[in-house]
Amino acid sequence: QVQLVESGGGLVQTGGSLRLSCAASGRAVTSYSMGWFRQPPGKEREFVAAISRSGDSTDYGDSVKGRFTISRDNAKNTVYLQMNSLKPEDTGVYYCAARSSPWRSSRQDEYDYWGQGTQVTVSS
């Protein structure tokens with residue numbers, strides 16, 4: 001199994017950028033495909049981005065495509081989410097997740113492990 005800890009959230013103005021990190025422990029992140037999900041206030045958790053085990057394949061939710069970039073540094077056992085051109089609707093708790101498959105997925109129920117979440121707030 002793997003333990004995931006997100007960091008890097010905070011308060012940013014519309015149009016700004018944040019870089020989230022997800023540090024893995026217990027088992028190397030190379031064993032998993034990885035994903036990011038978010039939960040806006042009062043809403044259900046939704047898909048943001050995913051990356052395959054090797055890092056050669058990525059996928060993004062329509063609302064973040066072209067603005068967010070998921071990446072991984074397997075040597076550091078960490079996955080990242082670079083968020084640019086942030087909008088107020090990007091506000092929410094962002095969760096890192098790990099899937100016991102080399103292939104990335106946008107489905108929450110296909111992920112096996114979850115971090116505690118990190119708050120991102122975009123002000124206007």
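In what order do the strands of the open sheet of four strands follow one another? The order is β1-β3-β8-β7, and the pairing is antiparallel. Strands here are DSSP runs of E with at least two residues, helices are runs of H or I with at least four, and both are numbered from the N terminus; two strands count as paired if DSSP finds at least two bridges between them. β1 (3–7) and β7 sit at the edges with a single partner strand each, so one side of each has no neighbour in the sheet. Ignoring direction, neighbouring strands of this sheet are turned by 15 degrees against each other on average (axes are lines fitted to C-alpha atoms, for helices over the stretch in contact, with angles from 0 to 180 degrees between N-to-C directions).

A word on the ground rules: this is a predicted model, in which local features need pLDDT of at least 70 and side-chain atom pairs count only at pLDDT 80 or more, while totals for chains, interfaces and linings use all residues. Residues are numbered from 1 along each chain as its sequence is written, and side-chain values use heavy atoms, with hydrogens and water left out.

Taken as a whole, the protein chain has zero helices and eleven strands. Its radius of gyration is 13 Å, close to the 14 Å that the globule rule gives for 124 residues, so the chain is as compact as a globular protein of that length. The radius is taken over C-alpha atoms, and the rule is 2.2 Å times the number of residues to the power 0.38. Along the principal axes, the C-alpha atoms fill a box of roughly 40 × 25 × 25 Å. Of the 124 residues, 45% are buried, where buried means under 20% relative accessible area, exposed means over 50%, and partly exposed lies in between (1.4 Å probe, protein chains only). Among contacts (heavy atoms within 4.5 Å) with a separation of 6 or more, 60% link residues 24 or more positions apart.

Back in the open sheet, β1 and β3 pair in the antiparallel sense over five bridges, with Ser21 in β3 as the bridge partner of Ser7. β1 has two faces: Leu4 and Glu6 are on the covered one, Gln3, Val5 and Ser7 on the uncovered one. That fits a general pattern, since side chains in a regular strand alternate between the two faces of the sheet. On the other edge, β7 and β8 are antiparallel over six bridges, and Ile70 stands opposite Leu81 in β8. β7 also holds Arg72, which counts as buried at 14% relative accessibility. Leaving out residues up to four places away in sequence, Arg72 touches a long list that includes Tyr32, Met34, Ile51, Arg53 and Val79.

β4 belongs to another set of pairings. Seven bridges join β4 to β9 in the antiparallel sense, with Ser33 opposite Arg99 in β9. Five bridges join β4 to β5, also antiparallel, and Trp36 has Ala49 of β5 as its bridge partner. The hairpin of β4 and β5 has six residues between the strands, and Gly42 takes a positive phi there, near 75 degrees. β4 is mostly covered, with six of its seven residues buried.

Which residues touch the most other members of the largest nonpolar core? They are Met34, Trp36, Leu81, Met83 and Tyr94, in a core of 27 residues. Such a core is a set of buried Ala, Val, Leu, Ile, Met, Phe, Trp, Tyr and Cys residues joined through side-chain atoms within 4.5 Å. Strands supplying at least two residues each include β3 (18–25), β4 (33–39), β8 (78–83) and β9 (92–99), and the largest share, four residues, comes from β3. Beyond its neighbours within four places in sequence, Tyr94 is in contact with residues including Leu20, Trp36, Phe68, Leu81, Met83 and Val120. Apart from this core lies another, of five residues, among them Phe37, Phe47, Ala97 and Tyr111.

Two loop residues deserve a mention for their backbone. Most residues other than glycine have a negative phi. Asn77, in the loop between β7 and β8, has a positive phi near 55 degrees and is buried, with a relative accessible area of 17%. Ser85, in the loop between β8 and β9, has a positive phi of about 50 degrees and counts as partly exposed at 40% relative accessibility.
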